[in-house]
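Open the model in your viewer and show side chains as sticks. The stops below say what to select and what is there.

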Amino acid sequence: MQPMTTTIGKIQLKDKVFRPYLSEEIIFSAVAEMAEKMNNELRDKNPLFIVVLNGSFMFASDLFKQINLEAEISFIKIASYQGMRSTGQVVTSIGMEQDLHGRDLIIVEDIVDTGLTLHWLKSNLESRGAKSVEILTMLRKPEAAKVEVDVKYVGFDIPTDFVIGYGLDFDEKYRNLDFIGVLAKHVYA
Ligand code: IMP
C-alpha cells in the first residue's frame, strides 16, 4: 500500500517537529489487508506470532484481533537501537523460552530499517528448529537496507526518514500516538 503523505499540520514535541504521515484510518486498512492475506495464505497452519517489543505492541494487537487462524502469540525483546540511529548490534534478547521445533513462525516487526535486527533474529529462530520463519512488518525503509531480508508481509514501504507513533518511539517517547508522524528534517535537522 502506498502511504498518503500530507504536509498539513505540524506537531512540535520537545525540540522536534513532526508532521502527520499515516493516519489511524490508513494504518487500519493496511492492517486489515495484511490480516486477510495471512488468513488466506496460512489457512491450514497453526502459526506462532513472535512480536518484537517494544515497537510492535500496538500493531500486533490490532493485527492479531483480525487473525482467524488457530494462531498463538509470544513476545521477544531485542536491544539494538538507540535514539534515531540503528547501531546494528543486537545487545540482548529476552523472552521466547518455548520450544520452537517444527513451528511455523511469523515475526511481527514494527519497522525494518537496516534489516540487521531481523537478519539476526530470523537465523536465531531458524537455528532453534523452527519449520518456517516468515516476516511481517508494518513499515519498511527499502533504501536503508544493509542486509537483504526476505519480508513476506509489508504494510508500507516508506522513505528513509525517522518516524514515530503507533508504537514507534523517539527515545522511548511518543509510542502512544494513534497515527504515524515523520520527523520534519527540513524544519529541524
Ligand atoms: P534495523 O535493525 O536497522 O532494521 O532496526 C530495526 C529497529 O530499529 C526497529 O524495530 C525499530 O525499533 C528501530 N527503528 C528503525 N527506524 C525507526 C524509526 O524511524 N523510528 C523509530 N524506530 C525505528
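Which polar backbone atom lies 2.9 Å from an oxygen atom of the ligand? Select Asp113: a polar backbone atom of this residue is the one at that distance. A polar contact here is a pair of N or O atoms within 3.5 Å; within protein, one must be able to donate a hydrogen and the other to accept it, and residues adjacent in sequence count only if both atoms are side-chain atoms.

This is a predicted model, in which local features need pLDDT of at least 70 and side-chain atom pairs count only at pLDDT 80 or more, while totals for chains, interfaces and linings use all residues. Residues are numbered from 1 along each chain as its sequence is written, and side-chain values use heavy atoms, with hydrogens and water left out.

**The ligand**

Stay at the ligand and add Asp110, whose side chain places a polar atom 2.8 Å from a ligand oxygen. Next add Glu109, where an N or O atom of the side chain is 3.3 Å from an oxygen atom of the ligand. Taken alone, the ligand exposes 490 Å², and the protein buries 93% of that (Shrake-Rupley method, 1.4 Å probe).

Now select the 17 residues around the ligand; Asp110, Thr114, Gly115, Thr117 and Val163 come nearest (a residue is near if one of its heavy atoms lies within 4 Å). Strand S8 (104-112) and helix H3 (116-126) are the elements that give two or more residues to this shell, and S8 has the largest share, with four residues. Helices (H or I, at least four residues) and strands (E, at least two) are DSSP runs, numbered from the N terminus. Coloured by class, the shell shows seven nonpolar, four polar and six charged residues.

**The sheet at Val163**

Move on to Val163, which stands opposite Val182 in S12. S11 and strand S12 (residues 180-183) run antiparallel and are joined by two bridges; strands pair if DSSP finds at least two bridges between them. Widen the selection to the open sheet of four strands, in the order S1-S2-S12-S11 with antiparallel pairing. Strand S1 (11-13) and strand S11 (163-164) stand at the edges with a single partner strand each, so one side of each has no neighbour in the sheet.

**Asn39**

Finish at Asn39 in helix H1 (residues 24-41). Is Asn39 buried or exposed? Asn39 has a relative accessible area of 11%, so it counts as buried (under 20%; exposed is over 50%, partly exposed in between; 1.4 Å probe, protein chains only). Its side chain reaches the backbone oxygen of Gln66 at 3.0 Å and the backbone nitrogen of Asn68 at 3.0 Å.

How values were computed
Ala, Val, Leu, Ile, Met, Phe, Trp, Tyr, Cys and Pro count as nonpolar, Asp, Glu, Lys and Arg as charged, and the others, Gly among them, as polar.
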